[in-house]
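Please examine the sequence and the three-dimensional structure shown below. The paragraphs that follow lead from a pocket to a sheet, then to the helices beside that sheet and to two loops.

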Amino acid sequence: ANILGIQAAQHPFPELKHVAVFDTAFHQTMPSHAYRYAIPAEYYEKHGVRRYGFHGTSYRYVAQEAGRVLNRDSNRLALVIAHLGNGASISAVLNGKSQDTSMGLTPLEGLVMGTRSGDIDPSLFSFLSENFAMSVEQTTNMLNRQSGLLGLSGLSNDCRTLEAAAKEGHAGATLALEVFAYRLAKYIGAMTVACGRLDALV
């Protein structure tokens, strides 16, 4: 889809330079103990199965802005940055470089999001297949499009709607917000470990 966009733009503007910015590039500084999965090495060595992370362009910008706001050199800061929205992730940025991040091979890993589940037991796939005859595609779709805040609340993936409903006593909205906050707090602690210290939480 992204290449099609470039090709479409090249047609009317052939004289202009067209640039692709990879959202995963910022996380290429993660150490191997942060990006490798604990699966047989051949899957990484032959097929590149590893944690890549996303939201990299946002993290690069926010890390620089944090330095400006704090009036400190961003290349000398230990930051835990949470990119919170319908797609949510969190990253440990030490001296301007990504040390770890919550999203993995795909954006599904990590925090609870608007419609994405975040971290789950991988055996859920076989459990749903054996007990409910759900295919891999059906489970993947459910985890990406019907889970997260929407799935927990049974109401919405929009925090504004959920906050208003929680104030009215909606149990699903309350649970969704509590799970979201709890998982985020756990990841803040984990990313602080990855930095080794913490100068700011952004």
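**From the pocket to the sheet**

The largest pocket has a lining of 14 residues, and those nearest its centre are Y37, L108, E109, I120 and P122. The model in which this pocket is found is a predicted one. Rolling a probe the size of a water molecule over the atoms shows where empty space is left. In the largest pocket, this space comes to about 480 Å³. By character, the lining residues comprise 9 nonpolar, 3 polar and 2 charged ones.

The next feature to consider is the sheet. Its 4 strands follow the order β3-β2-β1-β4; the sheet is open, and its pairing is mixed. Which strands stand at the edges? They are β3, residues 97-101, and β4, residues 200-201; each has a single partner strand, so one side of each is left without a neighbour in the sheet.

The pairing may be followed strand by strand. Strand β1 covers residues 78-83 and runs parallel to β4, to which 2 bridges join it. Within this pair, V80 has L201 of β4 as its bridge partner, while L79 stands opposite A200, also in β4. With β2, by contrast, β1 pairs in the antiparallel sense, over 6 bridges. Here V80 stands opposite A92 in β2. Thus V80 has a counterpart in β4, namely L201, and another in β2, namely A92. Strands β1 and β2 form a hairpin, with 5 residues between them.

Helices accompany the sheet. Helix α4, made of residues 56-70, packs on the sheet and touches β1, β2 (89-94), β3 and β4. The direction of α4 makes an angle of about 125° with that of β1. Helix α9, residues 171-195, lies across β1, β2, β3 and β4 as well. The direction of α9 is at about 20° to β2.

Two residues in loops deserve attention for their backbone angles. N95 has a phi near 55°, a positive value in a residue other than glycine. N95 is located in the loop between β2 and β3. Is this residue exposed, partly exposed or buried? The relative accessible area of N95 is 33%, and the label "exposed" requires over 50% while "buried" requires under 20%; N95 is therefore partly exposed.

A133 likewise has a positive phi, near 55°, and is a residue other than glycine. A133 belongs to the loop between α5 (124-132) and α6 (136-145). Its relative accessibility is 64%, so A133 counts as exposed.

Notes. Residues are numbered from 1 along each chain as its sequence is written. This is a predicted model: local features need pLDDT of at least 70, side-chain atom pairs count only at pLDDT 80 or more; totals for chains, interfaces and linings use all residues. Side-chain values use heavy atoms; hydrogens and water are left out. On a 1 Å grid over the protein atoms alone, a cavity is a set of points where a 1.4 Å probe fits but cannot get out, and a pocket is an open set with protein on both sides within 12 Å along at least five of seven lines; lining residues have an atom within 4 Å of a point. Grid points are joined across faces, edges and corners, and a volume is the space filled by probe spheres set on the points. Ala, Val, Leu, Ile, Met, Phe, Trp, Tyr, Cys and Pro count as nonpolar, Asp, Glu, Lys and Arg as charged, and the others, Gly among them, as polar. Two strands pair if DSSP finds at least two bridges between them. Contact means heavy atoms within 4.5 Å. Axes are lines fitted to C-alpha atoms, for helices over the stretch in contact, and angles run from 0 to 180 degrees between N-to-C directions. Buried means under 20% relative accessible area, exposed over 50%, partly exposed in between (1.4 Å probe, protein chains only).
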